[in-house]
Structure formats: structure tokens, C-alpha cells
Amino acid sequence: MTASPGAVDVVVVGSGHNGLVAACYLAREGLSVEVLESDEVLGGAVSTVERWPGVRVDRGSSAHVIVRHSGIVEELALAGHGLRYIDCDPWGFAPAPSPGAPGPDGRPLVLSVDLDATCASIEAACGPEDAAAYRRFVEVWAPRSRAVVASFGRAPTAGGLLRSFWPLGAPADGRPRTPGGELAADFLGSGDALLDKWFTSERLKAALAWFGAQSGPPMSEPGTAAMVGWVALLHDVPPGHPVGGSGGLTEALRRRLEADGGRVVLGDGAARLLVEDGRVTGVETRSGRVVRANSVVAACHIGVTRELAGEAAPPVLADAAPPVGNGFGLVVRALTDAPPSYPGAGPEALQGLQLLCTDRAQLASAHGDWGAGRVPREPVPLAMSFSASDATLAPPGQHVVTIWGQWYPYALADGADWDALADAEARRLVAAVDRYAPGFAASVRKTYVQTPLALERELSLPRGNVMHVEMGLASMFALRPAPGLSGHRVPGLTGLYLAGASTHPGGGVSGNSGRTAARTLLADRGALPRARAVAGRALRRVRGGAGRA
């Protein structure tokens, strides 16, 4: 079926990175594509704005991890459309629990792409046994995490999961087959159990747990081991920050889309889906404009998709109620005179994620407070200072420091007002960084605070959940966002496809959901063989050493 005159083949609802990824793959195959966005800013949570004169500040994500392992950047040739990543190397820094103290307690942990350098830092700070254990941990978990990467790039069918994970048990390098029970126990176990199995140093376990917890669930929950295991892949390709801010990714995607004839419309988002005889026929925008299309990719929250369908929503969509949770976190964007300065550390501390946690009890306490509907009594910060390596973000003598505090409830048990609390909680997070980097608080000149309520308002994230839907084991793979919707199609509403963080593989800067939705649509149109051939060539280039943007 071809598009009628004046129409397009596909409308994509939402200009987040998943929506733009889907649009790019579809336009590359010759389909006419229009992306509709209600915001005046491109990119959703992957966007950057001039927050203060001459200062570029990310609105959502800052460090890109999963997309750099997906092959999408290479498949879409985004470097040719202006995307340039600055490697976060070292990718992680964890402060000493007793800065300046003699002996190991005074030495920070520096986690680099270079495995030897990382092990040397672990040995100096935690001892030779943990350094040797970490090297072995990376050896064991690198192939396991590559299997997770493969599963993220496929629809979460039984066959796809089998193709991703089955090779893990095979004998390799003279080692016998790994029993399936052992693999299952590791993958289904908690991150804390995995860390306790491998390491003795609480400092090291706390840093790795804080990294793993960035997906949302505490590392005490079943199924979180793989979130810790992902660190093994960061010794191949580290997180990256686009030059000019996180929005550099979505800007490059837009340029790629437009080069293939696609179009993005900002400030006039979808108001409702047009449906005839159980089939989507287009979209009506908020301004009343009608865009006819054979297919619609809803790259927005699943709840928004349900609202757009209205009475035409089939039961599988109308009844979908995935867990959104009670908020996720709070962000402070700080304009400072200088980046944080950590005792015993140099500029290497500022390249990546500053994991400001030295004991997992801090994480457990913050999550417990969140579960009780309280702000954390002891905030646990993760700081990022990318202006130290990217001069395009701020004028000379100024810096942008992002401070992420996790497990802040959207609805507070005492009924407190987030607008009234915002500044005080921002000061507490700044003070939490200052405890590890004395003098930091005095360097702060301005702050922009994104409470859970502010995240909902600014980025259209229901209840401030940056992952759309909770990332626990019961909401992943074929269960996300609901068992009947996990195939990126909507049974009972032909022509409607799902993308975005509500769908597999979930939140974070990944792009996998958008690519899988596009492949599913192309398969339904009989246009997938060429797309697979192009993707296969790109993946071979990544494996051949061209994987770093």
C-alpha cells in the first residue's frame, strides 16, 4: 500500500532519540517520514539548550553508554552528519573514603578503558586480590554483556533471546561448557550478590553498585546482576558525551533524516490517532492539521500512546498499566567557577562519571527513604563535569556540573510541595559533592533544578520517571511494557508501532527500540532484506575496530 497524494508513508510521534532513530532507518529505505514533536526543542530527554548566556546545558541525559555499543551510530553514519563523541576515559572515578589519609584509604579509584590501568588503581586502593578478581570479572562478564547487547538489539522473542544467550554456554579457549544453571543463577541474581561473590573491598563494590543502579532498581533486587556486569564492556568502548552537549546526537539524527528526505515538525505534536476499520490512517496534530499515513510509530510514553488512540485503543493497549513508579531522581545543573577538585586526584577524575559513594549502605538508605515517600536523608550524588573536556559548553572560566541524585519520590508521603523544596534539596546535593570535593559549593554561581515534578513538566515524563516504566525484572524483555505489546506492534490496531523507553530494552540512550520498531515495520512491508544487509555491513565494521565514534 502506498501513501495517498499529500500524505506520508510514516508519521513518527515524538522527536526523542528513539523516534528519530526509527525515522532515519525508515527514510533510508525510501519511505517518506514526518516526525511530530509537541516541544519547541528537538530531542526530548536527549537535548541541550542555552540555559544561561553562552552556557549549553543538557536537559536530560549527558553520558551516552548503550548507543555506543549498539552499532546505530555506524549504521546511520552519524559522524558524517556532525556527531562527534568525546570519550569518557577514565569512565569512572570513586573518591577515597578518607581523602588525604595515608595508605589505601586515601587513594581514589580510577576506572579507565585500559584494563591494566584500572587494575593498578584497584590494587593501590583496595589490594592485589580485588585487582586480580576484577580482571577475571571482566574476562567472564564481557561475553555475557555482549550477549545482553545482542538481546537489546533484537525484538524480545524467545528465538531472539535464544540466539543472543545460547552461545554463552559453549566451551571456549579450553574451558568446559558453562552449566546453564550457573548462568541463570548469575543473571537472575542481584547485583549485590554478584559483587559479594567476586570482591572483598566495600569501596569497589559501592562504586560498581552505584554504576549499576543508574538503571533504577537497587542492586539488592533480583535480576540486577547484568547491570553491574555491563562495566566489562566499558573497557572496549567507554561512555561518551557529544561535543556541544547531549543534543548533538539528536541533531545529527535530524540531519541524517533530512538528508534522506524526512521532515521534523516542532511545536505541533500529535493530538489523536486517526483510525478507520481497525487501522491507523494518520494523525491529527494539536493545531488541527491532518497528516495521513499508512503507519504511525508512537515513540512516546505508552500512556500517551493510549491517550492518542482514545476509544479506538484495543484492549491490549487500553488495559496496559505498566509500573511507572513514584519518581526516579532529581538533577541539579550547576554553573560554577571551577569543576570539582577531589583530594588526591587530578583532571582524570573529571572525564567520566564521578561515582560519589563509598559504601552500599548509602544506596540502601536512599532507596529505603524513596520507598517510604521521603527525600533521602543522605543524598548520594553522581557528578559529571563535561565542560572540563568540551570548551563549547561554557565560556572560559565557567563550567557546567551536572549532579544526579537518585531515588527522589514524585509524591511525598507528607504531601510536601516539590516547587517549595527544590532549592533546599539542590543545596543538599551540592553539599554532598562538597563533602568529597571541598570548596565545590563555594564555586557554584547558579543552579537549575529538575525535581521529579519539573522533569514531568519539562520533558513530558509521567511522574518524573526518566525510564518511562520501571526497569525491574518484571518489566523487562517480553514483559515490557506489557506482554501483549512487547513485539512493538499493537494487536487490534494495524499500522501502529511502538518505540521509546516504554518498550524493550527500556530507558537510557540506546536507540535500540527505535531501530527494532523500524525493522518490524519494514518487515511488515516486505522491505527488510536490504535493511538487514546494510546493518550487517555496519556491524562487521564495528567488530573490525571501527566501533568508536
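User: What is pLDDT, and over which residues near the start does pLDDT stay under 50?
Analyst: pLDDT is the predictor's confidence in each residue, from 0 to 100. This is a predicted model. For the low stretch, the model has 8 contacts beyond four places in sequence. The pLDDT stays under 50 there, over residues 1-5.

User: Over which other residues is the pLDDT below 50?
Analyst: This second stretch has 20 contacts in the model beyond near neighbours in sequence. Its pLDDT is below 50 over residues 539-549.

User: What is the mean pLDDT of the protein?
Analyst: Of the protein's residues, 92% reach 70 or more. The mean pLDDT is 93.

User: How are α1 and α11 oriented: roughly parallel or roughly perpendicular?
Analyst: Helix α1 covers residues 17-28, and helix α11 covers residues 248-259. Their axes are 9 Å apart and the packing angle is about 25 degrees. Angles under 35 degrees count as roughly parallel. Therefore α1 and α11 are roughly parallel.

User: Is the crossing of α1 with α11 left-handed or right-handed?
Analyst: On the α1 side, the contact is made by H17, L20, V21, A23, C24, A27 and R28. On the α11 side, L249, T250, L253, R256 and L257 take part. As for the hand, α1 passes α11 in a crossing that is left-handed.

User: How many nonpolar residues does the contact of α1 with α11 have?
Analyst: Sort the contact by class. It has 2 polar and 2 charged residues. The nonpolar residues number 8.

User: At roughly what angle do the axes of α1 and α18 cross?
Analyst: Helix α18 spans residues 512-525. Its axis and that of α1 come within 7 Å. The crossing is right-handed. The angle is roughly 35 degrees.

User: Which residues of α18 make the contact with α1?
Analyst: From α1 come N18, V21, A22, Y25 and L26. By class, this contact has 7 nonpolar, 4 polar and 1 charged residues. The α18 residues are N512, S513, G514, R515, A518, L521 and L522.

User: How are α5 and α7 oriented: roughly parallel or roughly perpendicular?
Analyst: Helix α7 covers residues 180-188. Its axis lies 13 Å from that of α5, at an angle of about 70 degrees. Angles of 65 to 115 degrees count as roughly perpendicular. So α5 and α7 are roughly perpendicular.

User: Which residues in α7 does α5 meet?
Analyst: α5 brings W141, R144 and V148. The contact divides into 4 nonpolar, no polar and 3 charged residues. Those met in α7 are E182, L183, D186 and F187.

User: Where in the chain are F152 and W230, and how many residues apart?
Analyst: The structure has 14 aromatic pairs. F152 and W230 form one that is stacked, with 6.0 Å centre to centre and 20 degrees between the planes. F152 is in helix α5, and W230 is in the loop between α10 and β8. The pair links distant parts of the chain, 78 residues apart.

User: Where does P481 lie, given that the peptide bond from R480 is cis?
Analyst: Most peptide bonds are trans. The bond from R480 to P481 is cis, with omega near -10 degrees. P481 lies in the loop between α17 and β18.

User: Which loop holds P505?
Analyst: The peptide bond from H504 to P505 is cis, with omega near 5 degrees. P505 is found in the loop between β18 and α18.

User: What is the phi of H468?
Analyst: H468 lies in the loop between α17 and β18. Most residues other than glycine have a negative phi. H468 is not a glycine, yet its phi is positive, about 70 degrees.

Definitions and conventions
Residues are numbered from 1 along each chain as its sequence is written. This is a predicted model: local features need pLDDT of at least 70, side-chain atom pairs count only at pLDDT 80 or more; totals for chains, interfaces and linings use all residues. Side-chain values use heavy atoms; hydrogens and water are left out. Contact means heavy atoms within 4.5 Å. Axes are lines fitted to C-alpha atoms, for helices over the stretch in contact, and angles run from 0 to 180 degrees between N-to-C directions. Helices (H or I, at least four residues) and strands (E, at least two) are DSSP runs, numbered from the N terminus. Angles under 35 degrees count as roughly parallel, over 145 as roughly antiparallel, 65 to 115 as roughly perpendicular and the rest as oblique. A crossing is left-handed if the near helix is turned anticlockwise from the far one by less than a right angle, and right-handed if clockwise. Ala, Val, Leu, Ile, Met, Phe, Trp, Tyr, Cys and Pro count as nonpolar, Asp, Glu, Lys and Arg as charged, and the others, Gly among them, as polar. Rings of Phe, Tyr and Trp (its six-membered ring) pair if their centres lie within 6.5 Å; planes under 30 degrees apart count as stacked, over 60 as edge-to-face and the rest as tilted.
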